[in-house]
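Subject: Handover of a structure and summary of findings

Dear colleague,

Please find below the structure that I am handing over to you. A written account of what was found in it follows directly after.

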Amino acid sequence: MAKHLAVTAALTAAVALSACGSSKKTATTSSASSAATPAAAQTSTSNSSGPYSSSGGSSASATTGSGGAAVTVGSKHAKKLGTILAAGSKHLTVYLFEADHGTTPTCTGTCEQVWPPVKASGHVGTAGAANTADLGTTTRPDGTKQVTYKGHPLYYYAKDGDSGDAYGQGIKSFGADWYALKPSGSKVDTS
């Protein structure tokens, strides 16, 4: 019950944050671009020299709040999926949405309550097997910054609660499929 309330509170905070901003649609690919994670994701700060290993067992972390929030995209090993990308202090799996074309995110409104965008308003970095050259940000319709990897806007899945979860893998939701990503930037397709 407490976990359900925490997820509900986090989703409410993410929706409130997404209501601010403008409707500019631009993209950047700088590894030092800004971004903010959804409240459901994380609360500690790290950089690429943090607690990550380059053996594919690494993960990521971020800070949330009104100061400059940072996010690190790293890698982790998932039992059935192999080495995949993750973000935040909980090392949550990140997903691509096949309805997105290029760096333009299309998951908004109700969609982003289920699939919170990986956002940051501070430094964006990589760890483990994630490649810094593939990391960037894009501006969402509400003006916030969303982290991209190899041109794919990144999202969390609201039902993922810890580093071992990848419940969003292969789900068809909001009109298209969702997939975890390999450090190469390609989707993990187990079908």
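In which sense do β10 and strand β11 pair, and over how many bridges? The pairing of β10 with β11 (residues 176-180) is antiparallel and comprises two bridges. Please note that this is a predicted model, and that every value below was computed from it.

**The three-stranded sheet**

The two strands just named belong to an open sheet of three strands, ordered β5-β11-β10 and paired in the antiparallel sense. The edges are taken by β5 (95-97) and β10 (172-173); each has a single partner strand, so one side of each is left without a neighbour in the sheet. Within the pairing of β10 and β11, Lys172 is placed opposite Asp177 of β11.

**Aromatic pairs**

Seven aromatic pairs were counted. In one of them, the ring centres of Tyr95 and Trp115 are 5.5 Å apart and the planes stand at 80°, so the arrangement is edge-to-face. Tyr95 belongs to strand β5, whereas Trp115 is in the loop between α2 (110-114) and β6 (124-126); the contact therefore ties together parts separated by 20 residues in sequence. Both Tyr95 and Trp115 are buried.

Trp115 also pairs with Trp178, and here the rings are stacked, with 3.8 Å from centre to centre and 0° between the planes. Because Trp178 lies in strand β11 and Trp115 in the loop between α2 and β6, this pair ties together parts that are 63 residues apart in sequence. The relative accessible area of Trp115 is 0%, and Trp178 likewise counts as buried, at 0% relative accessibility.

Which residues do the ring pairs link into a cluster? The cluster consists of Tyr95, Phe97, Trp115, Tyr155, Tyr157 and Trp178.

**Salt bridges**

The search of the whole structure returned four salt bridges, and three of them are described here.

- Glu98 and Lys187 form a salt bridge in which the closest N and O atoms are 2.6 Å apart. Glu98 is in the loop between β5 and α2 and Lys187 in the segment after β11, so the pair ties together parts 89 residues apart in sequence. Glu98 is partly exposed, with a relative accessible area of 34%; Lys187 is also partly exposed, at 29%.
- Glu112 and Arg140 meet through their side chains in a salt bridge with an N to O distance of 3.5 Å. Since Glu112 lies in helix α2 and Arg140 in the loop between β7 (135-139) and β8 (145-149), parts 28 residues apart in sequence are tied together. Glu112 and Arg140 are both buried.
- Lys119 and Asp142 form a salt bridge at 3.7 Å, N to O. Lys119 is in the loop between α2 and β6, and Asp142 is in the loop between β7 and β8, so this pair ties together parts 23 residues apart in sequence. Lys119 is buried, with a relative accessible area of 7%, and Asp142 counts as buried at 12%.

**Strand β2 and its partners**

Why is strand β2 described as largely enclosed by the rest of the structure? Seven of the eight residues of β2 (residues 71-78) are buried, and the description follows because of this. Strand β2 pairs with β6 in the parallel sense over three bridges; in this pairing, Val124 of β6 is the bridge partner of Val71. With strand β3 (residues 82-87), β2 runs antiparallel, and six bridges join the two. One position in this pairing is His77, which stands opposite Thr83 in β3. Three residues lie between β2 and β3, and the two strands form a hairpin.

**Disulfide**

How many disulfides does the count come to? The count is one, and this disulfide joins Cys107 to Cys111 with an S to S distance of 2.0 Å. The link is left-handed, with -110° about the S-S bond. Cys107 is buried, with a relative accessible area of 0%. Cys111 is buried as well, with a relative accessible area of 5%.

With kind regards

Note on methods. Residues are numbered from 1 along each chain as its sequence is written. This is a predicted model: local features need pLDDT of at least 70, side-chain atom pairs count only at pLDDT 80 or more; totals for chains, interfaces and linings use all residues. Side-chain values use heavy atoms; hydrogens and water are left out. Two strands pair if DSSP finds at least two bridges between them. Helices (H or I, at least four residues) and strands (E, at least two) are DSSP runs, numbered from the N terminus. Rings of Phe, Tyr and Trp (its six-membered ring) pair if their centres lie within 6.5 Å; planes under 30 degrees apart count as stacked, over 60 as edge-to-face and the rest as tilted. Buried means under 20% relative accessible area, exposed over 50%, partly exposed in between (1.4 Å probe, protein chains only). A disulfide is a pair of cysteine sulfur atoms within 2.5 Å.
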